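Thank you all for coming, and please have the sequence and the structure open while I talk. I will begin with a single question and then work outwards from its answer.

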Amino acid sequence: MKMMFTILSLATAFHGASAVAQMKSGHVAANGVNYYYEIHGKGEPLLLLHGGLGSIDMFEPGLPALAKSRRVIAVDLHGHGRTELGNRPISLIDMGDDMAVILKSLGVGQADVLGYSLGGGVGLRLAVQHPAMVRRLVLVSTGFAQDGFYPEMLPMQAQVGAAMAEQMKDTPMYKSYVARAPQPQDFPRLLDGMGEYMRQPYDWSEDVKKLEMPVMLVYGDSDMYRPEHIVRFYQLLGGGLRDAGWQREHMSRNRLAILPGRTHYDMALAPALVPTVLPFLDGK
């Protein structure tokens, strides 16, 4: 968990340093959860989804650059940031449906989606369950199956729970949560919910094969996902199966990017992230 604290510490350092003009915010009720959202900038809609135990503020370093040409719809996921936890389990499948409700409530019929880690899983489920609503999909440090993690990660994830709350009270992660959460006392319950979610096995390889929208995968070269899993994800999308050809006639429409010198825990802060994904989102 120490590595997870790092990303919240860095994100907090950026908070308030690069505020985006013309930001509006509000709440949308979706399937029993009252989601907090922010809208930054103008242009084609881009749904932005943060990582686990974080909030919209994880993206603050890159958000101004995205908002220069996009209407960025950033959402605090279930139980995170300014969105209530309630009594519903943490579920990527449920949150995928929730994102569709939010987009429709904001008058958006179709959007590009950029999700990181937990948010990438939510974005993937939105694309699988509501494909007509996703134009282009960017998944940052996201896996399609539980066995994509390095084996030593699974026992660590299985230990996440309320018992960790006390030892986390001096961490930026906890301080960020209590500064934003509607019910700060829910932090131990959030840890329980996240632990329960992470202990559940999953394999969405068959769903990945059915995706019809263009997809970009982005990872750090020292990510928590095994390189074999990353390559397999790209292959399931039709990439990396053959030479592209002299005229690029066999080139996949999907993309894979590996950012050097990056881990899973600092991907949202990487200066190279926005320049890497924007050409893809813009269809270039």
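Which residue stands opposite Leu-48 in strand 5? Before I answer, let me say that what you are looking at is a predicted model, so please keep that in mind throughout. The residue opposite Leu-48 is Leu-114, in strand 5, and that pair belongs to the stretch where strand 3 and strand 5 run parallel, joined by four bridges. Leu-114 also has a bridge partner in strand 6, namely Val-138, and there strand 5 and strand 6 are again paired in the parallel sense, this time over five bridges.

Let me stay with strand 5 for a moment. Six of its six residues are buried, and the strand is mostly covered. In a regular strand, side chains alternate between the two faces of the sheet. Here, Ala-111, Val-113 and Gly-115 point one way, while Asp-112, Leu-114 and Tyr-116 point the other way, and all of them are buried.

Now we can step back to the whole sheet. It is an open sheet of eight strands, in the order 1-2-4-3-5-6-7-8, and its pairing is mixed. Why do strand 1 and strand 8 each have one side left without a neighbour in the sheet? Strand 1, residues 24–30, and strand 8, residues 255–263, stand at the edges, and each has a single partner strand, so one side of each remains free of a neighbour in the sheet. From one strand to the next, the twist averages 20°.

Within that order, strand 4 deserves some attention. Strand 2 and strand 4 run antiparallel and are joined by four bridges, with Glu-38 standing opposite Ala-74 of strand 4. With strand 3, by contrast, strand 4 pairs in the parallel sense, over six bridges, and there Glu-44 is opposite Arg-70 of strand 4. Five of the six residues of strand 4 are buried, so this strand is largely enclosed by the rest of the structure.

Further along, strand 6, residues 134–140, runs parallel to strand 7, residues 215–222, and four bridges join them; one position to look for is Leu-139, whose bridge partner in strand 7 is Leu-217. Against the sheet packs helix 3, residues 92–105, which touches strand 1, strand 2, strand 3, strand 4 and strand 5, and whose direction makes about 125° with that of strand 1.

Ala-30 gives us a view of that packing from strand 1, where this residue is placed. Is Ala-30 buried or exposed? Its relative accessibility is 0%, so Ala-30 counts as buried. Leaving aside residues up to four places away in sequence, Ala-30 touches Tyr-35, Arg-88, Asp-98, Val-101 and Ile-102.

Another residue worth finding is Thr-83, which sits in the loop between strand 4 and helix 3. With a relative accessibility of 1%, Thr-83 also counts as buried, the cut-off being under 20%. A polar atom of the Thr-83 side chain lies 2.6 Å from the backbone oxygen of Asp-76. Among the residues that Thr-83 touches, again not counting those up to four places away in sequence, are Val-33, Tyr-36, His-78 and Pro-182.

Turning to the interior, the largest nonpolar core has 66 residues, and the members that touch the most others are Leu-47, Val-75, Met-99, Leu-137 and Phe-233. Met-99, with residues up to four places away in sequence left out, touches Tyr-35, Leu-47, Leu-49, Val-75, Leu-77, Val-122 and Leu-126. Apart from that largest core lies another one, of 28 residues, including Val-72, Ala-268, Ala-270 and Leu-278.

Finally, the protein as a whole. There are ten helices and eight strands. The radius of gyration is 18 Å, close to the 19 Å that the globule rule gives for 284 residues, so the protein is as compact as a globular protein of that length. Its C-alpha atoms fill a box of roughly 60 × 45 × 35 Å along the principal axes, and 55% of the 284 residues count as buried. Of the contacts with a separation of 6 or more, 77% are between residues 24 or more positions apart.

How values were computed. Residues numbered from 1 in each chain as written. Predicted model: local features only at pLDDT ≥ 70, side-chain atom pairs only at ≥ 80, totals over all residues. Heavy atoms only, no water. Pairing = 2+ DSSP bridges. Helix = DSSP H or I, 4+ residues; strand = E, 2+ residues; numbered from the N terminus. Axes fitted to C-alpha atoms, helices over the stretch in contact; angles between N-to-C directions. Contact = heavy atoms within 4.5 Å. Buried < 20%, exposed > 50% of the residue type's maximum accessible area, 1.4 Å probe, protein only. Core = buried A, V, L, I, M, F, W, Y, C linked by side-chain atoms within 4.5 Å. Polar contact = N/O pair within 3.5 Å; in protein donor to acceptor, adjacent residues only side chain to side chain. Rg over C-alpha atoms; globule rule 2.2 N^0.38 Å.
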